[in-house]
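Here is a walk through one model, written for someone who likes to check contacts and geometry by eye. Keep the viewer open and follow along.

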Amino acid sequence: MGSSNLSTRARGSLRDGPEQEIAAKRRKKHKTERDKGLFADFASFCGHSFPHCDDFRCLPERGPRQELLRPTRYTLHMALLSTSFCRDIGIEVPLLCGAMYPCSNPELVAAVSEAGGLGIVQPLSLTYVHGHEFRQGLRFIRELTAKPIGLNVIVEDSSKIYLERMRGYVEEALDEGVRFFVTALGKPGWVVEMVHTAGGRVYHNVTEAKWAQKAIAEGVDGLIAVNDRAGGHAGPRAPHELFDELAGFGKPVLCAGGIGDEKSFVEALGLGYAGVQLGTRFITTKECTASEAYKQAIVDASESDIVLTERITGVPVSVIRTPYLERIGTKAGPVARFLLRGRRTRRWMRALYSVRSGMKLKKAHGQGGSMSSRDFLQAGKSVATISEIESVADIVARFRDAAS
Ligand SMILES: Cc1cc2nc3c(=O)[nH]c(=O)nc-3n(C[C@H](O)[C@H](O)[C@H](O)COP(=O)(O)O)c2cc1C
C-alpha cells in the first residue's frame, strides 16, 4: 500500500533542484485560512510550524508513519496517484465518492467512476430514494459508465429482514460484476466470504483501532479511516492520529473526512493514506440531485457551522447548524436517551431513529428540493474548502492534476 509509493529511487532523486523552488512557491499559497485543516496537523507532528517545514525527514523516529514520511512532501507527488490500491481496484485516481444516504443518486455514482475515481452505490438510496429496482439501478449505472463501481453494505444485524435484503443486494451486485464493497458497522465477515469467493475486495469503515482489529479478524482487505472531520457519522480522531493508529495493521488505509479540495487530497496521500473517501464535496456537484438549497448551504457554510447532532440516528451525525437545530438542540430527548442506554432497548431505538430519519431525509432530498427549514443538512468540515457547485469531472481532474 502507501509505502510502495515511495521507492528508494524516488526518495533519492527528488530532494534537490527545481522541486525545492516548487516547494517554496507552494508554501506561499498555503497561508490562507482554509489550509489550516490537515496542514496544521502536519505542523503539529513534525514539530515545526507549518510554513517553515516542508521536510518530513525531521520526524521523530517513531511509529510506522516514520518510514512513509521520510521524503519531502513534494517528492511524494510523483508517485502519489499510482497507489497499490488503484492498481488493485482498477481505477486511475485513488478517490472514492463514499456512499451517502440519500444523496447517492446513480448519475453521481457513475460520474465519479467515469472520471477515474470509484463511485459507491448506497443500496437504500438507489432503491428507496431514487426509485430504482436494485439490479435495474446497477444496470442503469452501467449504461453511464463501464468503469468499476462499488457497493456500500451497512451491516446492521438487529433486523433479520434487513440482513436478508442486504445479502440479496450483495449477491445481485456480484452477479452484475461489482467487485468492491465498503462495509460499515457490525460484523462484515459474511460480506467478506461472499465477495472473496468472487475475487472481490471489502474495505471497512472504522473510527478507531479497536474496530479495525475486529474487522481485520473478519477478513477485510482494507480500512477506511473515518476521522473527526467527516460528514455522516464522524469519528473521534484527527486524520493523522487515526492514520498512526491504523497503519500498523498492514492493510491499505483510506482517509474519510475533511477532504474538499486538491490540497487536502494531496496532503492525505502524503500522510501515507492509500486513497481517500469523499462525501460532502460530491453533494455540491451538478450530478448530485440534492436540492439547490442544500448545495448552497454547503457552499456558504464554514467549518464552525458544522455540529454533531444525535437527533438523526441517536448517535452523533455531522450537520450544518441551522436556526431549527439551534432551537431543538443536538442531544436526543430524555426518553430517547434513556432507551438508547438500555442494552435491549438500544437496538429498537436505533431502528426507530433510522426509519424516521430515512423517511425525513428522503423527503428533503426530493428532486427540485422539497426542503423545509426543519430539515437536517448533513455535511462535514470539508465545507470550509468548498466554494462552488462544480461538475464531478472538473473536481476529479483537479485532484488528479494536483497529485501528478
Ligand atoms: C449526507 C451523507 C450521507 C452519508 N451516508 C452514508 C451511508 O449511507 N453509508 C456510509 O457508509 N457512509 C455514509 N456517509 C459517509 C460518507 O460515505 C463518507 O465517509 C464521508 O462523507 C466522508 O467525509 P466528508 O463528507 O468530509 O467527505 C454519509 C455522508 C454524508 C455527508
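## Asp88 and its distant partner

Asp88 has 15 C-beta neighbours inside 10 Å, so it counts as partly exposed; a residue needs 20 or more to be called buried, and 12 or fewer to be called exposed. Keep in mind that this is a predicted model. Asp88 sits in helix H6, which covers residues 84-89.

What lies 113 residues away from Asp88 in sequence, yet 8.9 Å away in space? That would be Arg201, with the distance taken C-alpha to C-alpha.

## The barrel

Now for the sheet. Eight strands form a closed barrel in the order S1-S2-S3-S4-S5-S6-S7-S8, and the pairing is parallel. Neighbouring strands in this sheet are turned against each other by 25° on average, direction ignored. As general background, strands of a sheet pair through backbone hydrogen bonds, either parallel or antiparallel.

## Strand S3 and its neighbours

Is strand S3 mostly buried or exposed? Five of its six residues are buried, so S3 is largely enclosed by the rest of the structure. On one pairing, S3 runs parallel to strand S2 (residues 118-121), and three bridges join them. To find that pairing in the viewer, look for Gly119 opposite Ile149 in S3.

S3 also pairs with strand S4 (residues 180-184), again in the parallel sense, over five bridges. Here Gly150 stands opposite Phe180 in S4. To get from S3 to S4 the chain passes through helix H10 (residues 160-175), and this β-α-β crossover is right-handed. Another bridge to look up is the one between Ile154 and its partner in S4, Ala184.

## Strand S4 and on to S5

S4 is mostly covered, with five of its five residues buried. Which residues point which way from S4? Phe180, Val182 and Ala184 go one way, while Phe181 and Thr183 go the other, and all are buried.

S4 runs parallel to strand S5 (residues 201-206), and four bridges hold the pairing. One to check is Thr183, whose bridge partner in S5 is His204. S4 and S5, together with helix H11 (residues 189-197), make a right-handed β-α-β unit.

## Around S6 and S7

Further along the barrel, strand S6 (residues 222-226) and strand S7 (residues 253-256) run parallel and are joined by four bridges. Ala225 has Cys255 as its bridge partner in S7.

The loop between helix H12 (209-217) and S6 holds Gly219. Gly219 has 15 other C-beta atoms within 10 Å, so it is partly exposed. Measuring C-alpha to C-alpha in your viewer, you should find Trp190 at 9.5 Å from Gly219, although the two are 29 residues apart in sequence.

## Two covered helices

Helix H7 (residues 106-114) is mostly covered, with seven of its nine residues buried. The buried ones are Pro106, Leu108, Val109, Ala110, Ala111, Val112 and Ser113. Just after H7 comes Gly116, with a positive phi of about 115°.

Helix H14 (residues 262-271) is mostly covered too, with nine of its ten residues buried. Among them are two charged side chains to look at, Lys263 and Glu267, along with Phe265, Val266 and Leu269. Gly272 follows H14, and its phi is positive, near 120°. An α-helix has 3.6 residues a turn, so residues three or four places apart point the same way.

## The ligand shell

Which residues come nearest to the ligand? They are Gly98, Gly231, Gly232, Gly279 and Gly380, out of 28 residues around the ligand. By class, the shell has twelve nonpolar, 14 polar and two charged residues, and glycine is put with the polar group here.

Strand S3 (149-154), strand S8 (275-278) and helix H15 (280-283) each supply at least two residues of the shell. S3 therefore appears in both stories: five of its six residues are buried, and S3 helps to line the ligand's surroundings. In terms of domains, at least three shell residues come from domain 2 (92-289 + 388-403) and at least three from domain 3 (292-383).

Methods: Residues numbered from 1 in each chain as written. Predicted model: local features only at pLDDT ≥ 70, side-chain atom pairs only at ≥ 80, totals over all residues. Near = placed C-beta within 6 Å. Domains from an automatic or database assignment. Pairing = 2+ DSSP bridges. Right-handed = clockwise from strand over helix to strand, strands pointing away. Axes fitted to C-alpha atoms, helices over the stretch in contact; angles between N-to-C directions.
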